[in-house]
Amino acid sequence: ISVVAAGNSRYRVSIEEDATRTEHEVAVTPDDVARYAPGVPAERLLEASFEFLLAREPKESILARFSLPTIERYFPDYPAKLRELL
């Protein structure tokens, strides 16, 4: 999992596994960081979020573009599990 800041609270996340790669653009606002992982850099929050997602679905099923709170809409246990990963 590779996370690179793209400006304007947007990040590019690349996942390489089994000789294939997916690219994702995720919006993470300072409020998102404060809500889900206070004091944690946004990049680390995204790494943990993608670890969470990859434990539940293949990388090809992860949306190409989304905002971080979208994860919670699909997986209500996301905030609690995220704390365990961080």
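**Close-up A: leucine 46 and the residues it touches.** Set aside the neighbours within four places in sequence, and leucine 46 is in contact (heavy atoms within 4.5 Å) with Val3, Tyr11, Val13, Val26, Val28 and Leu68. A word on the model: it's a predicted one, where local features need pLDDT of at least 70, side-chain atom pairs count only at pLDDT 80 or more, and totals for chains, interfaces and linings use all residues. Residues are numbered from 1 along each chain as its sequence is written, and side-chain values use heavy atoms, with hydrogens and water left out.

**Close-up B: the largest nonpolar core, 23 residues in total.** A nonpolar core here is a set of buried Ala, Val, Leu, Ile, Met, Phe, Trp, Tyr and Cys residues joined through side-chain atoms within 4.5 Å. Buried means under 20% relative accessible area, exposed means over 50%, and partly exposed is in between (1.4 Å probe, protein chains only). Val28, Leu45, Leu46, Leu68 and Tyr78 have the most contacts inside this core. Strand S2 (10–17), helix H1 (30–36), H2 and H4 each chip in at least two residues; helices (H or I, at least four residues) and strands (E, at least two) are DSSP runs numbered from the N terminus. H2 gives the largest share, with seven residues. As a rule, nonpolar side chains tend to be buried together in soluble globular proteins.

**Close-up C: where helix H2 packs against helix H4.** H2 (residues 42–54) and H4 (residues 78–85) meet at about 115°, and their axes are 10 Å apart. Axes are lines fitted to C-alpha atoms, for helices over the stretch in contact, and angles run from 0 to 180 degrees between N-to-C directions. The two helices are therefore roughly perpendicular to each other, a label that covers 65 to 115 degrees (under 35 is roughly parallel, over 145 roughly antiparallel, the rest oblique). The crossing of H2 past H4 is right-handed, that is, the near helix is turned clockwise from the far one by less than a right angle; anticlockwise would be left-handed. On the H2 side, the contact is made by Arg44, Leu45, Ala48, Ser49, Glu51 and Phe52, and H4 answers with Tyr78, Lys81, Leu82 and Leu85. Sorted by type, that's six nonpolar residues, one polar and three charged. Nonpolar covers Ala, Val, Leu, Ile, Met, Phe, Trp, Tyr, Cys and Pro, charged covers Asp, Glu, Lys and Arg, and the others, Gly among them, are polar.

**Close-up D: two residues of helix H1, valine 33 and tyrosine 36.** Valine 33 is at 14% relative accessibility, so it counts as buried. Not counting residues up to four places away in sequence, valine 33 touches Val28, Pro38, Val40, Ala42 and Leu45. Valine 33 and leucine 45 are 12 residues apart in sequence, and their C-alpha atoms are 7.3 Å apart. Tyrosine 36, at 3%, is buried too. With residues up to four places away left out, tyrosine 36 touches Leu45, Leu68, Pro69, Glu72, Tyr78, Pro79 and Leu82. Its C-alpha is separated by 9.5 Å from that of leucine 68, which is 32 residues away along the chain.

**Close-up E: leucine 53 and leucine 54, next to each other in helix H2.** Leucine 53 has a relative accessible area of 4%, so it's buried. Outside the residues up to four places away, leucine 53 touches Ile62, Phe66, Ile71 and Phe75. Leucine 54 is at 27% and counts as partly exposed. Beyond its neighbours within four places, leucine 54 is in contact with Ile1, Ile15, Lys59 and Ile62. Leucine 54 and isoleucine 15 are 39 residues apart in sequence, with 9.6 Å from C-alpha to C-alpha.

**Close-up F: two loop residues with positive phi, asparagine 8 and aspartate 18.** Asparagine 8 sits in the loop between strand S1 (2–7) and S2. Its phi is near 55°, a positive value in a residue other than glycine, and with a relative accessible area of 76% it's exposed. Aspartate 18 is in the loop between S2 and strand S3 (20–27). Its phi is positive as well, about 55°, though it isn't a glycine. Aspartate 18 counts as exposed, at 70% relative accessibility.
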